[in-house]
Amino acid sequence: MHAPDGAVRPHYLAYADWLADTPRERIERKRSEADVAFHRVGITFNVYGAEGGKERLIPFDLLPRIIPGEEWTALEAGLRQRVKALNAFLADIYHGQEILRAGRLPADQVLNNAQFRGEMKGVEVPGGLYAMIAGIDLVRAAGADGKGEYYVLEDNLRVPSGVSYLLENRKMMMRLFPDLFSRYNVQPVEHYPDLLLETLRAVAPAGVLDPTAVVLTPGAYNSAYFEHSFLAQQMGVELVEGQDLFVKDDTVYMRTTQGPRRVDVIYRRLDDDFLDPQVFRPDSMLGVPGLMSAYRAGRVTLANAVGTGVADDKSIYPYVPEMVRFYLGEEPILNNVPTYMLREPDDLAYTLAHLPELVVKEVHGAGGYGMLVGPAATRAEIEDFRQRILAAPEKYIAQPTLSLSTCPTFVDAGIAPRHIDLRPFVLSGGKEIRMVPGGLTRVAMKAGSLVVNSSQGGGTKDTWVVN
C-alpha cells in the first residue's frame, strides 16, 4: 500500500482515504458479521496433522489487496505463456519425449518421478490438454534493481483448490462495504463458474455434442469438500462420489433416480492414486473401477488429466523457464525463484553452509508442511533438517528467503503489514486460455511469518484488479 518513502501508492489512494475515515469499531463489527455469515454458509476448512479432523473457518481479512490493471495485464500474459508450456511438456513426456531427447531436462528426473504415470504413455487427451485448471502461486518481492516484481513460487496442476474462497470473499466484501466499491472500478470475478463449465464442456470426448459434466469428490471428510459442492452447485452439475459412478463397455455412467446416465467429463478433485482401484491403489474405496479403461478408450475426459503431478513437482519447477524456450521459442515473462537442487553436489554444499538463510522444501511436499524457513527456525530445527537432507538430498530443494511484499491486514492489535501471495486460476479449454482478474490472495496472519497456507493458519483476502 505504501512506497518505501511512506507515500500511498496511486492505486491505494481512494482506499487509504476510506480507511482513515472508517472507525475501527465499524471494521470490528463487520468482521464479526463476516464470521457469522461464513459459518452459516458452511465455508470451513478441515485441518489435518496435529489437529486432525478439526473444522474451522479460514480467517478472512476485510482489507482487500489491490492490483493496478496494467500490472495484471502483464501477469496474465505470463500466466498464459507458462500454462501453455506446462501443457506442452505434459503432452511431450507422455508421447515423443523430445525435451528429454534434446537433453534440456534430466530424463531420470522425469521418468523416475513418483508422479510420472507410465499408464498415460501414448494416451491421447482432448486438445492435447492435461492441466485444464491450473493454480499458479505468485509472490511479489524486490528484484535485483530493488523494484517489486512477481515470481512464480509453484505450479499447482493436480487438483488446485481455493477458488471458492476467491468467489465468496468478493461476495462478502460487496455485501459488507458496498460504499467502497463505488470508489473503484473493480474487475468482476463472479463469472468463474461459467468459464469453468465452458472449459469442461470444451474438452469433452470427440463427437459428444451435449456433454454431461460432473464434479467427483472424495466425500464430506475432505478438507476442500465445501469447494467441491460449491462449484458443482454454481455450475449446475452433479456432485458425485466414486460409488455414484460405474463403468460399462468402456463408458462411464452415473446412477440416477431415472436410471443410468452417461458421463462425458469428470472434474475430479481426487488424487491419481485413488481414481481406479484396478490400476492404482487396490484398496481405494473412493474411485471408480474401470475408469482408466474408459479414459484410455477416449470415452470420458478427466480434468485434470492423470499424471499432471509430474509437472508441478518441486524438482521439475526449476526447468519450467526452459520448457517455455523449448516449446514456445520465447523468453519467459514470469521469473522463477532461484532454486538449488540438492541432488547436485555443489547446490547441496552451498545449502548446508547457508541453512539459516534459506527456505528448504520437500520436492513432494504441499500445504506448507515438510519445509524449513531458515531465518525463522531454531538452531535445533535447523540441525534436525540438516540430518534429513543428508539422509536423502534428492528429496529437497532450497531457495533464498525472498523479501515478500506485505499488505495492510486487520489483526487483533489493529492494522499491520502481513506477507501475502496470489493464486490465479488459469483455465485451458478449446481455443483460448482464460482466467478471472486477480486470484486468491492468501495472507500469513502471524507477524513475520512467510507461510500463507490455510492448513498452517493462513487467511485470505479479496483481490481487486482495478482499472
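**Strand β23 and the largest cavity**

The chain I am showing has 13 helices and 23 strands, where helices (H or I, at least four residues) and strands (E, at least two) are DSSP runs numbered from the N terminus. This is a predicted model, in which local features need pLDDT of at least 70 and side-chain atom pairs count only at pLDDT 80 or more, while totals for chains, interfaces and linings use all residues. Residues are numbered from 1 along each chain as its sequence is written, and side-chain values use heavy atoms, with hydrogens and water left out.

Of the 467 residues of the chain, 55% count as buried, meaning under 20% relative accessible area with a 1.4 Å probe and protein chains only.

Let me turn to strand β23, residues 459-466, where eight of the eight residues are buried, so this strand is largely enclosed by the rest of the structure. Strand β3, residues 60-68, runs parallel to β23 and is joined to it by six bridges, and phenylalanine 60 has threonine 460 as its bridge partner there. Strand β22, residues 440-443, pairs with β23 in the antiparallel sense over three bridges, with valine 443 opposite glycine 459; for two strands to pair, DSSP must find at least two bridges between them.

Which residues line the largest cavity? They are Phe38, Ile43, Leu57, Ile58, Phe60, Tyr165, Asn169 and Thr460, so the bridge partners phenylalanine 60 and threonine 460 both appear in this lining. A cavity here is a set of points on a 1 Å grid over the protein atoms alone where a 1.4 Å probe fits but cannot get out, and lining residues have an atom within 4 Å of a point.

Notes. Buried means under 20% relative accessible area, exposed over 50%, partly exposed in between (1.4 Å probe, protein chains only). On a 1 Å grid over the protein atoms alone, a cavity is a set of points where a 1.4 Å probe fits but cannot get out, and a pocket is an open set with protein on both sides within 12 Å along at least five of seven lines; lining residues have an atom within 4 Å of a point.
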